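The following paragraphs offer a guided reading of a protein model. They take up charged pairs, enclosed spaces and cysteines in turn, and close with the chain as a whole.

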Amino acid sequence: MVLESGRITQEGIDRLRGRLGSYNRPRQYGVGLFNEDASRSAIRHFCQGIGDSNPLYWDVSYAQQTKFGTLIAPPCFLYSVYWCSGRTGGLPGVHGFHAGNDWEWYRPIYLDDKISVQEQFTGLEEKESEFAGRILIQSSVTHYFNQRGEVLGKTRGWQIRAERTAARERQKYTFEPYQYSRDEILAIQEAVLGEEIRGSNPRWWEDVQVGDSLKPVVKGPMSHGDITAFVAGCIGGISHGIQLREMQRHPSWGFTDPNTGAQEAIIRVHDIQEAAESAGLPGAYDYGCQRCCWMGHLLTNWMGDDGFLKNMYVELRRFNVVGDTTWCKGTITGKREENGEKLVDMDIWGENQRQQITTKGTATIRLPSREAGR
């Protein structure tokens, strides 16, 4: 299976530069969004897709006893409204890899909030890489609003654009699938089932110390089913005539599987082995926003119902292929007071079964305070 390979040309770069500052999405509700509303079922489907069982997002009777008085959505639910990865179009046939996000959240996402989105193309940078030679880094800034016009959050997202042919020729990422021992599998299962949700037990700012570690959230060994569940809850898809019309409008957006004759969207590199290999990768791999959501899961588990995730910065450093396991981890790096808020800063990262850092970032959480009366 060979995907159509585009080229990074100066003409294409100039066209993109001419669009800097323009809005990929003017502020609007509903058009092109996946979860337009934070409905009970949308929140549940999102949580199912990332493996988050926090009752604050699932259990109405539990949520009614919290300060919110109702269900809320996890902060990273906004990915399921609009996947903000610096997508700006252009350069047909040139592959795009989601490389990171820098989030700020301002208020909770309440049950049945209606969410609109505005995205602006803000950055374009040329670089050389070992992976594919000449690459581009595209970035955009996305704002999310509720039905009252209040900003729920914003993020800067960026992606790497690379030529598939160059990536295949260089073959930077080549390795054999990991063979787990029975003891390793049992240890992973124990860690997954031992996940700790802080919930209604407040994590007081006064009790947190620099150097403390967050209890890891473990995801894996990642299966095709894990990726499919994430797509169902967070991204969605199109099919049949809707997909065919989109492919006719944008021929480089898809490809024909020579084994079946079926037309596939380019996004299938995330679940078709041959598609991933033809893009220069060792196998099907997770969605970048999927791994960012795992890091958000780590943080909301730790902070409890009375905490608030203010910001999260995540870089996606290595590919996470089917069969890999990710330990989402964190360490407290600082405590401070700012504008009356009790804040905790931390480093966060994802580590695979080979002890490689695949994900790296930082976060800041507001915690309740005994002194301030919560």
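**Charged pairs, cavities and cysteines**

E337 and K342 form a salt bridge in which the closest N and O atoms are 2.8 Å apart. The structure is a predicted model, and the distances quoted here are computed from it. The two partners of this bridge differ in their surroundings: E337 is exposed, with a relative accessible area of 55%, whereas K342 is buried, with a relative accessible area of 10%. Elsewhere, R17, E126 and R134 are joined into one network by salt bridges that share partners.

How many salt bridges does a search of the whole structure find? The search finds 17 of them. One of these joins E341 to K310, with the closest N and O atoms 3.1 Å apart. This pair links distant parts of the chain, since E341 belongs to strand β13 (residues 341-352) and K310 to strand β11 (residues 308-316), the two residues being 31 residues apart. E341 has a relative accessibility of 19% and therefore counts as buried, the cut-off for that class being under 20%. K310, at 22% relative accessibility, counts as partly exposed. A further salt bridge is formed by R317 with E315, where the closest N and O atoms are 2.6 Å apart. R317 is partly exposed, and its relative accessible area is 45%.

The next topic is the space enclosed by the protein. Rolling a probe the size of a water molecule over the atoms shows where empty space is left. When the whole structure is searched, three cavities of 30 Å³ or more are found. The largest cavity holds about 170 Å³ of space. Its lining consists of 19 residues, and those closest to the centre of the cavity are I72, A73, P75, M303 and F308. Which elements each supply at least two residues of this lining? They are α3 (55-58), β2 (72-73), α11 (288-303) and β11. Strand β11 has already appeared above, as the strand that contains K310. By character, the residues lining the largest cavity comprise 13 nonpolar, four polar and two charged.

The second largest cavity contains about 40 Å³ of space. The residues that line this cavity are F46, I50, D52, P74, P75, C76, C293, G296, H297 and T300. Two or more residues of this lining come from each of α2 (40-50) and α11. Helix α11 gives the most, with four residues. The lining of the second largest cavity divides into six nonpolar residues, three polar and one charged. P75 appears in this lining, and P75 is also among the residues closest to the centre of the largest cavity.

One residue of the second lining, H297, can be followed further. H297 has its place in helix α11. Is H297 buried or exposed? At 1% relative accessibility, H297 counts as buried. When its neighbours within four places in sequence are left aside, H297 is in contact with I50, G51, D52, E195, V217 and K219. Of these contacts, I50 and D52 are also named in the lining of the second largest cavity.

Two further residues of that lining, C76 and C293, lead to the cysteines. A disulfide is a covalent bond between the sulfur atoms of two cysteines. In this model the count of disulfides comes to zero. C234 is in no disulfide, and the nearest cysteine sulfur, which belongs to C293, is 4.9 Å away. Because a disulfide requires a pair of cysteine sulfur atoms within 2.5 Å, this distance does not qualify. C234 is buried, with a relative accessible area of 2%. C293 is likewise in no disulfide, and its nearest cysteine sulfur, that of C76, lies 4.7 Å away. C293 is buried too, with a relative accessible area of 1%.

It remains to view the chain as a whole. Its secondary structure comes to eleven helices and 14 strands. The protein chain has 374 residues, of which buried residues make up 50%. E341, K342, H297, C234 and C293 are among the buried residues described above. Among contacts between residues at least 6 apart in sequence, 74% join residues at least 24 apart. The salt bridge of E341 with K310 likewise links distant parts of the chain.

Conventions: Residues are numbered from 1 along each chain as its sequence is written. This is a predicted model: local features need pLDDT of at least 70, side-chain atom pairs count only at pLDDT 80 or more; totals for chains, interfaces and linings use all residues. Side-chain values use heavy atoms; hydrogens and water are left out. A salt bridge is a side-chain nitrogen of Lys or Arg within 4 Å of a carboxyl oxygen of Asp or Glu. Buried means under 20% relative accessible area, exposed over 50%, partly exposed in between (1.4 Å probe, protein chains only). On a 1 Å grid over the protein atoms alone, a cavity is a set of points where a 1.4 Å probe fits but cannot get out, and a pocket is an open set with protein on both sides within 12 Å along at least five of seven lines; lining residues have an atom within 4 Å of a point. Grid points are joined across faces, edges and corners, and a volume is the space filled by probe spheres set on the points. Ala, Val, Leu, Ile, Met, Phe, Trp, Tyr, Cys and Pro count as nonpolar, Asp, Glu, Lys and Arg as charged, and the others, Gly among them, as polar. Contact means heavy atoms within 4.5 Å.
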